[in-house]
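Okay, thanks everyone, I'll keep this short. Have a look at the sequence and the model on the screen, and then I'll walk you through a few spots.

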Amino acid sequence: MSEVATTRKKRVELLFAAFLLLVGILVFVDASQLHVTYSQADVVGPKALPYVVSVILVLSAVALAITVWRGNLAQGEEGEDVDLSQPSDWKTLLPLIGVFVVNILLINWAGWVISGTLLFFGSALCWVPDAMS
């Protein structure tokens, strides 16, 4: 790998570490503004999990930054068994997008049980070969 590619890759990974750090700080700040409206008799309340998540995000960001600064960069994938010369399967993709849009429109009106059932059924139907034709 060339020096330019290594520098660019290092910069991108440090940018991702900075993003993780920012998200961790935002979660911490948001968790500190939670207001518990009931008397809390238990030590672990609704604020505990956001604090744990924020600490994990910040520690992951610091660990990633240290790893990148030491020169351990992520290795690119060799690829998947995907033929990139083939076009997208729009006959499957468009009905699937339609099912998600219907779910978004129905979830507040019909509720999660009905919209989730339609989402599952529609997604399963879209993936069955030649079911839509």
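So, to start: what pattern does the chain follow, read along the sequence? It's α-α-α-α. In total we have four helices and zero strands. And just so nobody forgets, this is a predicted model.

A few overall numbers before the details. The chain has 133 residues, and 17% of them count as buried. The accessible surface comes to about 10,700 Å², with 68% of that belonging to carbon and sulfur atoms. On contacts, if you take those with a separation of 6 or more, residues 24 or more positions apart account for 63% of them.

Okay, aromatics. How many aromatic pairs does the chain have? The count is one. That's Phe28 with Tyr51: the ring centres are 5.1 Å apart and the planes sit at 55°. Why do we call that tilted, and not stacked or edge-to-face? Because stacked would need planes under 30 degrees apart and edge-to-face over 60, and this angle falls in the rest. The pair links distant parts of the chain, with Phe28 in helix H1, residues 3-32, and Tyr51 in helix H2, residues 48-69. Along the sequence, the two are 23 residues apart. Are these two buried or exposed? Neither, really: Phe28 is partly exposed at a relative accessible area of 44%, and Tyr51 is partly exposed as well, at 25%.

Staying on helix H1, let's go to Glu13. Buried or exposed, this one? Glu13 is buried, since its relative accessible area is 13% and the cut-off for buried is under 20%. And what does Glu13 touch, if we skip residues up to four places away in sequence? The list is Leu64, Val68, Asn72, Leu73 and Ala74.

Last stop, the surface. There's a nonpolar patch of about 590 Å². Who makes it? Trp90, Leu93, Leu94, Ile97, Val101 and Leu105. Let me pick out Leu105, which is found in helix H3, residues 90-110. Leu105 comes out at 64% relative accessibility, so it counts as exposed, the cut-off there being over 50%.

So if you're turning the model around later, here are the places to find: the Phe28 and Tyr51 ring pair, buried Glu13 in helix H1, and the nonpolar patch that includes Leu105. That's me done, over to you.

Notes:
Residues numbered from 1 in each chain as written. Predicted model: local features only at pLDDT ≥ 70, side-chain atom pairs only at ≥ 80, totals over all residues. Heavy atoms only, no water. Buried < 20%, exposed > 50% of the residue type's maximum accessible area, 1.4 Å probe, protein only. Contact = heavy atoms within 4.5 Å. Areas by Shrake-Rupley, 256 points an atom, 1.4 Å probe, with all protein chains shown as cover. Phe/Tyr/Trp six-rings, centres within 6.5 Å; stacked < 30°, edge-to-face > 60°. Patch = residues over 30% accessible without salt bridge, like charges linked within 9 Å, V, L, I, M, F, W, Y side chains within 5 Å. Salt bridge = Lys/Arg side-chain N within 4 Å of Asp/Glu carboxyl O.
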